[in-house]
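User: I am new to this structure and would like a close look at a single part. Please take one helix and the sheet it packs on, and describe what surrounds them.

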Amino acid sequence: MRATRVASVLLSLAVVLALTAACGGGGSGAGTSSPGGSSAGDYKEIDSPEGLKAALERDNPGADWLGDITDVTLETYLGAPVFVIHTGWKLIGQTDPAVFDEANRKQQAISEALGAYDSFKPAPNVALLNGDKTLTPLYSSGGKTMAEAFALPPAPTTPEEMKAWLAKVYGPGGLVKLGPDEDWYDAINSISVDTGSGGTRLVVTTSLPSWNGDVRASLIEMALATTGSPLLENYWISAKDGSGAAGSSGVMEPGSGGFQYP
């Protein structure tokens with residue numbers, strides 16, 4: 001069985017989408033499904049949001065992060081089904097490093113707890129959505145990468161090529177069918193390159209009122225990363241109020257990172 005994990009840090013401004021492959025055992029058989037979302041024996045399967053929440057509570061007694069989970073839902077992000085663990089953590093405006101350290105520790109602990117399960121259906125992905133509406137991929141297992149699931153265009157090397165890439169993959173009638181509530185694509189206004197004194201930088205403007213408190217901000221940043229474009233080595237994505245995300249992403253093949261698809 002192939003398992004893929006995303007280790008992410010809440011303090012980072014760049015969305016880390018390079019997935020690190022890890023080989024894991026598939027258990028000793030299919031077993032019999034139980035109400036908690038896991039199966040009997042060595043093989044543990046998650047088959048619903050309720051099952052995931054029940055399994056985490058059952059298998060991690062006393063964990064200090066259990067009380068922070070407010071809900072678990074099934075969503076569609078970048079056209080992929082995703083189990084979403086909701087927490088009340090709010091980090092925007094925080095200045096105490098201890099608050100960030102605690103959130104990072106708990107997030108990593110949840111990610112590690114997900115490794116106890118062999119199968120996630122119908123969603124091969126698990127992500128965390130905090131109280132600031134920042135989305136962080138935590139764990140993916142059993143699906144196909146975007147590159148495996150779709151015949152993607154080559155990595156774009158100019159703003160015009162990036163616009164065309166996003167349109168072909170995520171636009172109306174594109175390769176990836178976005179979920180009914182996914183309207184982040186239409187929020188991208190312009191894509192250009194700034195060659196000022198700070199060097200070459202990709203500049204993306206959006207119609208988002210603010211970069212903070214809007215899950216679409218995370219999805220735009222993730223979608224850009226799936227292009228594999230070398231332009232992302234230095235980028236700035238902004239909202240209407242001037243807030244935004246500055247970051248740097250290593251060059252990789254289009255669709256090699258991000259969510260997995262059934």
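Analyst: A residue counts as buried when its relative accessible area is under 20%. The model is predicted, and the cut-off can be tried on one glycine before turning to the helix. Gly143 has a relative accessibility of 4%, so it counts as buried. Its place is the loop that joins strand S8 (135-141) to helix H3 (146-149). Between Gly143 and Lys121 the C-alpha distance is 9.7 Å, with 22 residues separating them in sequence.

The part to look at closely is helix H5, residues 215-226. H5 has twelve residues and spans 17 Å from first C-alpha to last, close to the 16 Å expected at 1.5 Å a residue. By the same cut-off, ten of those twelve residues are buried, so H5 is largely enclosed by the rest of the structure. Among the buried ones are Leu219, Ile220, Met222 and Leu224, and also Ser218, Glu221 and Thr226. After the helix comes Gly228, with a positive phi near 70°.

Next, the sheet. Four strands form an open sheet in the order S9-S10-S11-S12, and the pairing is mixed. Strands S9 (188-196) and S12 (244-247) are at the edges with a single partner strand each, so one side of each has no neighbour in the sheet. From one strand to the next, the twist averages 15°. Eight bridges join S9 to strand S10 (residues 199-206) in the antiparallel sense, and Val193 stands opposite Leu202 of S10. Helix H4 (residues 159-170) lies across S9 and S10, at about 155° to S9. H5 packs on the sheet too, touching S9, S10, strand S11 (235-238) and S12, and its direction makes about 145° with that of S11.

The helix also has a part in the largest nonpolar core. That core holds 40 residues, of which Leu78, Leu166, Tyr170, Trp184, Ile220 and Phe259 touch the most other members. Elements giving two or more residues to the core include H4, S9, S10, H5 and S11. H5 supplies the largest share, six residues. Trp184 shows how some of these residues meet: leaving aside residues up to four places away in sequence, Trp184 touches Leu78, Tyr170, Leu178, Arg216, Leu219, Ile220 and Ala223. Another core, of 23 residues, lies apart from this one and has Ile46, Trp89, Leu114 and Val126 among its members. In soluble globular proteins, nonpolar side chains tend to be buried together.

Notes
Residues numbered from 1 in each chain as written. Predicted model: local features only at pLDDT ≥ 70, side-chain atom pairs only at ≥ 80, totals over all residues. Heavy atoms only, no water. Pairing = 2+ DSSP bridges. Axes fitted to C-alpha atoms, helices over the stretch in contact; angles between N-to-C directions. Contact = heavy atoms within 4.5 Å. Core = buried A, V, L, I, M, F, W, Y, C linked by side-chain atoms within 4.5 Å. Buried < 20%, exposed > 50% of the residue type's maximum accessible area, 1.4 Å probe, protein only. Expected span 1.5 Å × (residues − 1).
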